[in-house]
Amino acid sequence: MNIAYWIVAGLLALFYFYAGTLKVIRSRDQLRPMMVWVDRIPLPALRALGTIEILGATGLILPPLAGIAPSLAPAAAIGFVLLQTGAVAVHLTGEDRRIALNVGLIATAAVTVWLATGL
């Protein structure tokens, strides 16, 4: 189960670290082709969302790796479930109805929560 956690959490952390970094450093114009919804939220909220994703990715990896406060790993994964639930709502209330990635991320984060409780 430990190996499964590191594989799933590692992939999830890579995804969120990458996506969060893009949201923090790129402009709206650069993000718009891949994220249609960026015009619907204020720029500071977009930057905050990216920061939260980076911190969550760090929370999946560092606490179990360091052995300090390992309960932060399932908390980070639960945060990603909630984040993607909100993302589904944003997609469904706007023009962009593509939620397959979001649903996949919810499932992956839920599996990570389950695997993290066994650490």
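Here are three short exercises on the predicted model shown above. Residues are numbered from 1 along each chain as its sequence is written, and in this predicted model local features need pLDDT of at least 70, side-chain atom pairs count only at pLDDT 80 or more, and totals for chains, interfaces and linings use all residues. Side-chain values use heavy atoms, leaving out hydrogens and water.

**Exercise 1. Work out the fold pattern of the chain.**

Step 1: Count the elements: the chain has 5 helices and 0 strands (DSSP runs, H or I of at least four residues for helices, E of at least two for strands, numbered from the N terminus).

Step 2: Read along the sequence to get α-α-α-α-α.

**Exercise 2. Is Glu53 buried or exposed?**

Step 1: Locate Glu53 in helix H3, residues 43–66.

Step 2: Take its relative accessible area, 3%, so Glu53 is buried (buried is under 20%, exposed over 50%, partly exposed in between, with a 1.4 Å probe and protein chains only).

Step 3: List what Glu53 touches beyond four places in sequence: Tyr16, Ala19, Gly20, Lys23, Phe80 and Leu83 (contact means heavy atoms within 4.5 Å).

**Exercise 3. Describe the lining of the largest pocket.**

Step 1: Count 24 lining residues, with Lys23, Met35, Trp37, His91 and Asn102 nearest the centre (on a 1 Å grid over the protein atoms alone, a pocket is an open set of points where a 1.4 Å probe fits, with protein on both sides within 12 Å along at least five of seven lines; lining residues have an atom within 4 Å of a point).

Step 2: Find the main contributor: H4 gives the most, 6 residues.
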